[in-house]
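Take a look at the sequence and the model below. We'll walk through the overall shape, then the helices, the strands and a few side chains.

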Amino acid sequence: MNIVLRESDSMPIYEQIVREIKNAIIKKIMLPGDMLPSIRSLAKDLEISVITTKRAYEELEKQDLIYSMAGKGFYVKEPNRERLREERLRQIEAKMMDVIRECKELGVPLEELSSIWQALYENEM
């Protein structure tokens with residue numbers, strides 16, 4: 001599993017970890033029953049504190065995406081992928097609304113905004 005943390009991201013580190021693991025579950029990179037790295041090993045790999053990693057795993061457990069087995073580790077649960085996808089789409093829509101408001105304030109026409117979206121989308125893929 002490849003977790004990428006971005007210092008430029010305004011999201012706290014533990015939330016970035018949650019987001020990355022959720023995305024891996026949605027994309028079926030991580031499947032039900034797959035074991036997650038231990039809290040200590042993930043903290044070491046990401047060069048972050050154990051407390052931050054523990055907080056991310058606690059959040060994932062709270063969201064019913066993973067479960068722990070005492071002395072064995074953390075495992076992926078069978079997710080409701082559609083619910084996860086819808087949740088993520090709502091977050092994306094909120095971010096897009098912020099961009100749309102800013103563009104309207106600057107007087108950017110819809111056609112120009114559409115061209116920007118398309119160029120960014122094509123360059124990112």
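Two residues are in contact when they have heavy atoms within 4.5 Å of each other. Keep that in mind as you read, and remember that this is a predicted model.

## The overall picture

Let's start with the parts list. The chain has five helices and two strands. If you follow the sequence from start to end, the pattern reads α-α-α-β-β-α-α.

How does the radius of gyration of the chain compare with that of a compact globule of 125 residues? The globule would come out near 14 Å, but the chain has 18 Å. The box filled by the C-alpha atoms, taken along the principal axes, is roughly 60 × 30 × 25 Å. Buried residues make up 28% of the 125 residues. Now take the contacts with a separation of 6 or more: 50% of them are between residues 24 or more positions apart.

## Helix H1, largely enclosed

Helix H1 covers residues 13–26, which is 14 residues. From its first C-alpha to its last it reaches 20 Å, close to the 20 Å expected at 1.5 Å a residue. Is H1 largely enclosed or largely open? Eleven of its 14 residues are buried, so H1 is largely enclosed by the rest of the structure. Among the buried ones are Tyr14, Ile17, Val18, Ile21, Ala24 and Ile25, and charged-looking names turn up in the list too, including Arg19, Glu20 and Lys22.

What does the covering? The buried residues of H1 are covered by parts that include helix H2 (39–46), H3, E2 and helix H4 (81–106). Just after H1 comes lysine 28, with a positive phi of about 65 degrees.

## Arginines around H1

Arginine 6 sits in the segment before H1. Its relative accessibility is 43%, so arginine 6 counts as partly exposed. Which residues does arginine 6 contact, if you leave aside neighbours within four places in sequence? They are Gln16, Arg19 and Glu20. Arginine 6 and glutamine 16 are ten residues apart in sequence, and their C-alpha atoms are 8.1 Å apart in space.

Now look from the other side of that contact. Arginine 19 is in helix H1 and, at 12% relative accessibility, counts as buried. Not counting residues up to four places away in sequence, arginine 19 touches Arg6, Asp9, Met11 and Arg88. One more arginine is worth finding: arginine 55 lies over the face of tyrosine 14, at 3.8 Å from the ring centre.

## The hairpin

Strand E1 (residues 66–69) and E2 run antiparallel and are joined by four bridges. One of the partnerships to look for is isoleucine 66 in E1 with valine 76 in E2. The two strands form a hairpin with three residues between them. In the turn, glycine 71 has a positive phi of about 75 degrees.

## Two aromatic pairs

A pair of aromatic rings is described by the distance of the centres and the angle of the planes. With ring centres required to lie within 6.5 Å, the count comes to two aromatic pairs. In one of them, the rings of tyrosine 57 and phenylalanine 74 have centres 4.8 Å apart and planes at 70 degrees, so this pair is edge-to-face. Tyrosine 57 is in helix H3 (residues 50–62) and phenylalanine 74 is in strand E2 (residues 73–76), so the pair ties together parts that are 17 residues apart in sequence. Both tyrosine 57 and phenylalanine 74 are buried.

The other pair is tyrosine 67 with tyrosine 75. Their ring centres are 5.7 Å apart and their planes are at 25 degrees, so this pair is stacked. Tyrosine 67 is partly exposed, with a relative accessible area of 31%, whereas tyrosine 75 counts as buried at 13%.

## Helix H4

Finally, try H4. It has 26 residues, so at 1.5 Å a residue it should span 38 Å, and its end C-alpha atoms are indeed 38 Å apart. Which residues of H4 are buried? They are Arg81, Leu84, Glu87 and Cys103. What covers the buried residues of H4 includes H1 and helix H5 (110–124). After H4 comes glycine 107, whose phi is positive, near 80 degrees.

Definitions and conventions. Residues are numbered from 1 along each chain as its sequence is written. Side-chain values use heavy atoms; hydrogens and water are left out. Rings of Phe, Tyr and Trp (its six-membered ring) pair if their centres lie within 6.5 Å; planes under 30 degrees apart count as stacked, over 60 as edge-to-face and the rest as tilted. Buried means under 20% relative accessible area, exposed over 50%, partly exposed in between (1.4 Å probe, protein chains only). A charge sits over a ring if NZ of Lys or CZ of Arg is within 6 Å of the ring centre and within 35 degrees of the ring normal. The expected span of a helix is 1.5 Å times one less than its number of residues. Two strands pair if DSSP finds at least two bridges between them. The radius of gyration is taken over C-alpha atoms; the globule rule is 2.2 Å times the number of residues to the power 0.38.
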